[in-house]
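Colleague: I should like to go through the assignments in this model one by one. For each, please set the value against the criterion and then conclude.

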Amino acid sequence: MGDRWRVEVDRSVCIGSGMCVLTAPGGFELDTARQSHPTAPETDADEKVLEAAEGCPVEAITITLADGGEIVFPPEE
């Protein structure tokens, strides 16, 4: 069994570019205010969701391991 991720979007940072929806359409959606949010608070580890987080122009997406809270993205500096 693979990792489970908790995906969060900081809506105070999100600019509604829609890049996450285009990259991982099953993982994100825009609401009527054009703010992104994950389609589910937890998901199986998914390369497209990670790619969407990496491609967010304002780095509004955070991914952590659901069972331990370790950061998957963004990488710790």
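Modeller: Pro-74 belongs to the segment that follows strand S6 (71-73). In this predicted model, the peptide bond leading from Phe-73 into Pro-74 is cis.

Colleague: What makes the bond from Phe-73 to Pro-74 cis?

Modeller: Its omega is near 5 degrees.

Colleague: Phe-73 is also part of a strand pairing. Which residue stands opposite Phe-73?

Modeller: Ile-63 is the residue opposite Phe-73 in S6.

Colleague: How do you know that S5 and S6 are paired?

Modeller: Pairing requires at least two bridges, and two bridges join S5 to S6. The criterion is therefore met, and the two strands run antiparallel. They form a hairpin with five residues between them. Within that turn, Gly-69 has a positive phi of about 80 degrees.

Colleague: What makes S5 largely enclosed by the rest of the structure?

Modeller: Four of its five residues are buried, so the strand is largely enclosed. Thr-64 is found in this strand.

Colleague: Why is Thr-64 called buried?

Modeller: The limit for a buried residue is under 20% relative accessible area. Thr-64 has 16%, and is therefore buried. Leaving out residues up to four places away in sequence, Thr-64 touches Arg-4, Trp-5, Arg-6, Gly-69, Glu-70, Ile-71 and Val-72. One of these, Arg-6, stands opposite Thr-64 in the pairing with S5.

Colleague: How do you know that S1 pairs with S5, and with S4?

Modeller: The same threshold of at least two bridges applies. Five bridges join S1 to S5, and three join S1 to strand S4 (residues 42-44). Both counts satisfy the threshold, so both are pairings. S1 runs antiparallel to S5 and antiparallel to S4. As examples, Val-7 has Ile-63 as its bridge partner in S5, while Arg-6 has Glu-42 as its bridge partner in S4.

Colleague: What makes the side chains along S1 alternate?

Modeller: Trp-5, Val-7 and Val-9 point to one face and are buried. Arg-4, Arg-6 and Glu-8 point to the other face and are not buried.

Colleague: Which residues of the largest nonpolar core touch the most other members?

Modeller: The core has 17 residues, and those with the most contacts to other members are Trp-5, Val-7, Val-9, Phe-28, Val-49, Ile-61 and Ile-63. Strand S1 (4-9), helix H2 (47-55) and strand S5 (61-65) each give two or more residues to this core. H2 gives the most, with four. In soluble globular proteins, nonpolar side chains tend to be buried together.

Colleague: Which residues is Phe-28 in contact with, beyond its neighbours in sequence?

Modeller: Setting aside neighbours within four places in sequence, Phe-28 has contacts that include Val-7, Val-9, Cys-20, Val-49, Ala-52 and Ile-61.

Colleague: Cys-20 is a cysteine. How do you know that Cys-20 is in no disulfide?

Modeller: The whole structure was searched, and zero disulfides were found. The nearest cysteine sulfur to that of Cys-20 belongs to Cys-14, 6.4 Å away. A disulfide needs sulfur atoms within 2.5 Å, and the pair therefore does not qualify. Cys-56 is likewise in no disulfide, with the sulfur of Cys-14 nearest at 6.6 Å.

Colleague: Why are Cys-20 and Cys-56 called buried?

Modeller: Against the limit of under 20%, Cys-20 has 9% relative accessibility and so counts as buried. Cys-56 has 14%, and therefore counts as buried.

Colleague: Why is Gln-35 called buried, whereas Arg-34 is called partly exposed?

Modeller: Gln-35 lies in the loop between strand S2 (28-30) and strand S3 (36-38), and Arg-34 is placed in the loop between S2 and S3. Gln-35 has 16% relative accessibility, so it counts as buried. Arg-34 has 46%, which lies between 20% and 50%, and is therefore partly exposed. Gln-35 is in contact with Arg-11, Cys-14, Glu-29 and Leu-30, leaving aside neighbours within four places in sequence. Arg-34 has a positive phi, near 60 degrees, although it is not a glycine.

Colleague: Why is Glu-59 called exposed?

Modeller: Exposed means over 50%; Glu-59 has 64% relative accessibility and therefore counts as exposed. Glu-59 lies in the loop between H2 and S5, and its phi is positive, near 50 degrees.

Definitions and conventions:
Residues numbered from 1 in each chain as written. Predicted model: local features only at pLDDT ≥ 70, side-chain atom pairs only at ≥ 80, totals over all residues. Heavy atoms only, no water. Core = buried A, V, L, I, M, F, W, Y, C linked by side-chain atoms within 4.5 Å. Buried < 20%, exposed > 50% of the residue type's maximum accessible area, 1.4 Å probe, protein only. Contact = heavy atoms within 4.5 Å.
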